[in-house]
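Open the structure in a viewer and keep the selection tool at hand. The tour below goes from stop to stop.

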Amino acid sequence: MVATATPTSLLCASLPYQGFCGSTQSLQWRKNETRFMRKAGPIQVTAKIQLKPPPYPLNALEPHMSCETLEYHWGKHHRGYVENLNKQIMGTEQDGLTLEDIILVTYNKGDLLPAFNNAAQIWNHDFFWESMKPSGGGRPSGNLLELINRDFGSFEGFVEQFKSAAATQFGSGWAWLAYKANRLNVGNAVNPRPSEEDKKLVVVKSPNAINPLLWDYSPLLTIDVWEHAYYLDFENRRAEYISVFMEKLVSWETVISRLEMAKARAVEREREEERRKREEEEESAAGSEAVEMYLESETDDSEAE
């Protein structure tokens, strides 16, 4: 765990852009424009895909995640993905699409197109920042806890499985809690966990920039296990970083809200599927009726001759 008196905190306090650590309100946001301060002074970034700030000041997660880590992770790595993606999609068919759509159309059955990694990493990081809050951790309540107990046996069983997924993801990647509501129907993706069981919580891990959107799952929670996510604070102690994340940082309120949206999305998809099925049946019935009428007409004409 990072202590408040570590060199990390002292460095953040001494940076020329101290206000950047203290509050994201010091950032000036304009349409298609992001400004923030670095050691060399202000740099203007013009982008169609925006660099979203975390929903808290960059020092708000201390002592569990340092301001310096957020400086580098969000202010440099995340920012780099945004800049690179905007360069890659400029003037292409992906220009103007949402991040989710860019991710799906550039995955291309696993043969990644150039924009995929940056688009997916932007989405993953936005999701990661929002998965945490100051004074987080603990355990959830309500329907989320009920589903966790049902699908993992207990909250402790879920935590053990989530930690294991994060710790055993070889190299760079992510671990996820996701709501699996529908069998895979994304035409350009491959489901790594085929199953006939629907509407359940699952823990999955993914390499590099891959995320559960590609498997038609609804992500609820994620932890970034790329080394740059934790090395300044924990060096190579990934397991300790994972434990601190679960015990001190998770925003269960956000996860609960995401679950409700995922369930609503699943209901809407079921209704849409039923509507489409009815339309297909009606079209098929109408076609059969038209064929019968044609055959009857042919028979009548033949008898008349």
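Start by selecting Asp216, which is buried because its relative accessible area is 6%, under the 20% cut-off. This is a predicted model. Asp216 sits in a loop, with strand E5 (200-207) on one side and strand E6 (218-224) on the other. Now add Arg265 to the selection: its side chain and that of Asp216 are joined by a polar contact of 3.4 Å.

Next, go to the largest pocket. Which residues lie nearest its centre? Select Glu100, Trp123, Phe127, Leu213 and Pro219 to see them. They belong to a lining of 18 residues. Colour helix H4 (99-107), helix H5 (114-130), E6 and helix H10 (252-304), since these are the elements that give two or more residues to the lining of this pocket. Colouring the lining by class shows 10 nonpolar, one polar and seven charged residues. The space inside the largest pocket is about 520 Å³.

The last stop is the largest nonpolar core, made up of 74 residues. Select Phe158, Phe162, Leu177, Leu201, Ile223 and Phe245, the residues with the most contacts inside this core. Then select H5, which gives the most to the core, with nine residues.

Finish on Phe162 and show what is around it. What does Phe162 touch, leaving out residues up to four places away in sequence? The residues to select are Ala175, Trp176, Leu177, Val203, Leu221, Thr222, Ile223, Phe245 and Met246.

Methods:
Residues are numbered from 1 along each chain as its sequence is written. This is a predicted model: local features need pLDDT of at least 70, side-chain atom pairs count only at pLDDT 80 or more; totals for chains, interfaces and linings use all residues. Side-chain values use heavy atoms; hydrogens and water are left out. Helices (H or I, at least four residues) and strands (E, at least two) are DSSP runs, numbered from the N terminus. Buried means under 20% relative accessible area, exposed over 50%, partly exposed in between (1.4 Å probe, protein chains only). A polar contact is a pair of N or O atoms within 3.5 Å; within protein, one must be able to donate a hydrogen and the other to accept it, and residues adjacent in sequence count only if both atoms are side-chain atoms. On a 1 Å grid over the protein atoms alone, a cavity is a set of points where a 1.4 Å probe fits but cannot get out, and a pocket is an open set with protein on both sides within 12 Å along at least five of seven lines; lining residues have an atom within 4 Å of a point. Grid points are joined across faces, edges and corners, and a volume is the space filled by probe spheres set on the points. Ala, Val, Leu, Ile, Met, Phe, Trp, Tyr, Cys and Pro count as nonpolar, Asp, Glu, Lys and Arg as charged, and the others, Gly among them, as polar. A nonpolar core is a set of buried Ala, Val, Leu, Ile, Met, Phe, Trp, Tyr and Cys residues joined through side-chain atoms within 4.5 Å. Contact means heavy atoms within 4.5 Å.
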